[in-house]
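Trainee: Could you take me through one part of this model in detail? I would like to look closely at the largest pocket, and then at what surrounds it.

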Amino acid sequence: MNQLIAIRAFARVVEAGSFTRAADSLDMPVTTLSKLVRELEGHLGVRLLQRTTRRVSVTAEGQAYYEKAGRLLRDLEDVDASFSAARGAPRGLLRVDIGGSIARDLLIPALPDFMARYPDIRIELGVSDRTVNLISENVDCVIRGGALDDSSLVARHLGNAHLITCASPSYLKAHGVPAYPDELRNGHRLVSYLLPSSGRPVPFRFRGEQGPFEIKAEHRLGINESNAHLAAAVAGMGLVQTFSYAAGPALRSKALVEVLQPWRPAPYPFHAVYPNNRHVTHRLRVFIDWLVEVMPPLLATP
C-alpha cells in the first residue's frame, strides 16, 4: 500500500461524501479507491468509514484521523508549493465555478488575457447559477455575488455591480412606464429570478430616502437561470431586475430600457471564494490576484 495515496483517497471520500464523486475527482476507478481505503483501514486496524447501500458516513475514529491527516496533507502541499513557486511559472489545473451571466459577459471575454499570462495553467469552468459545494465537488474557487455568511470560506472582494430594473420598449408601450416602485404591485408583469437552490423568487430591490426596501409581488414568469431571465425581458415578457453589465448590450441597442433609475438599490458585491481549510496553490493565488485586478471595472459597468 502507498500510504500517502491511500490517505489522499480517504480524505477525498470524506470531503465528497461519496466513493463515486471522490473517484471522479481523483480520476480513478471506484474499485481502486475502495481498495485503497480498505487497505488503509487494515493498516490502522480501525474502521474509518461506515458504508451502507445508500451512503457513506465517517466513524469517530475516521473523523479524528481525517483531521490529523488533513493537516499532514496541507503541510505537504505547502512544501510542494514553495518549491513550485521557486521554480517560476505556476502550472496545473484550476477548477472554477461561476454563474451564467457573469461567465458570458465578463469572465470569458477577459480570460484570454489570463491564459496568455499563464500558459501552463489549465482551467475547467463550471457554469451554472446553482451554489456548488466547494469541498465535496472539489472546486478550487467560485465567483459569487451577495453577502457571505459561511465561516468555512475565504473571500476576496472583486468589486460591485449595479442592479437595474428594465423592460423592452414593446412592453413599456403596452403597459406603461412605472414612475414609482409601488406601481409594480398593480398591473405590471414581473419576470422574477428564481433561486436555483430553493425555487423562491428574488424580490425586486430598491433604495429610497428612507433606505432600502423590497417589492414582493406575484410574478407572471419565473426563471432560475440568469441568461434566460434577461432574454425574457428582451422578448417583452415583463419587467426584470438584472445587473447592468449583463443588460448593457441590450440597453445600448435599445432592446431594453432602464426604468426606476432613481431607486436603484445599493451596489451588489461580488467575491472570489475558496475553502479556508485548503492550501492556496500558486496557480489559484495568481488567478485570484488577476480577478482582483480585472473584475472591478467590468462589474461596475453603469
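Mentor: Happy to; here is the pocket, followed by the cores and a few single residues. Keep in mind that this is a predicted model.

Let us begin with the space itself. The largest pocket holds about 1,300 Å³. Its lining is made up of 48 residues, and those closest to the centre are D129, T131, G145, L195 and Y268. Several elements give two or more residues to that lining: the helices α5 (100-117) and α7 (226-234), together with the strands β3 (92-98), β5 (141-145), β8 (191-193), β9 (204-208), β12 (240-243) and β14 (268-275). Of these, β5 gives the most, with four residues. Sorted by class, the lining has 24 nonpolar residues, 16 polar ones and eight charged ones.

Now for the nonpolar cores. In soluble globular proteins, nonpolar side chains tend to be buried together. Here the largest nonpolar core has 44 residues, and the members that touch the most others are I102, Y245, F287, W290, L291 and L299. Helix α9, residues 282-299, supplies the largest share of this core, with nine residues. W290 is worth a closer look: leaving out residues up to four places away in sequence, W290 touches L107, A110, L111, D113, F114 and R117. A separate core of 22 residues lies apart from the largest one, and A6, A9, L33 and Y66 are among its members.

Two cysteines come next. C141 counts as buried because its relative accessible area is 0%, under the 20% cut-off. C166 is likewise buried, with a relative accessible area of 0%. As for disulfides, the structure holds zero.

An arginine makes a good next stop. R12 is found in helix α1, which covers residues 3-16. Although arginine is classed as charged, R12 is buried, with a relative accessible area of 7%. Setting aside neighbours within four places in sequence, R12 is in contact with G17, A22, S25 and L26, and also with I135, S136, E137 and N138.

Finally, let us turn to a histidine. H43 is found in helix α3, residues 30-44. With a relative accessible area of 48%, H43 is partly exposed, because that value falls between the 20% and 50% cut-offs. From H43 to V240 the C-alpha to C-alpha distance is 59 Å, and the two are 197 residues apart in sequence.

Key:
Residues are numbered from 1 along each chain as its sequence is written. This is a predicted model: local features need pLDDT of at least 70, side-chain atom pairs count only at pLDDT 80 or more; totals for chains, interfaces and linings use all residues. Side-chain values use heavy atoms; hydrogens and water are left out. On a 1 Å grid over the protein atoms alone, a cavity is a set of points where a 1.4 Å probe fits but cannot get out, and a pocket is an open set with protein on both sides within 12 Å along at least five of seven lines; lining residues have an atom within 4 Å of a point. Grid points are joined across faces, edges and corners, and a volume is the space filled by probe spheres set on the points. A nonpolar core is a set of buried Ala, Val, Leu, Ile, Met, Phe, Trp, Tyr and Cys residues joined through side-chain atoms within 4.5 Å. Buried means under 20% relative accessible area, exposed over 50%, partly exposed in between (1.4 Å probe, protein chains only). Contact means heavy atoms within 4.5 Å. A disulfide is a pair of cysteine sulfur atoms within 2.5 Å.
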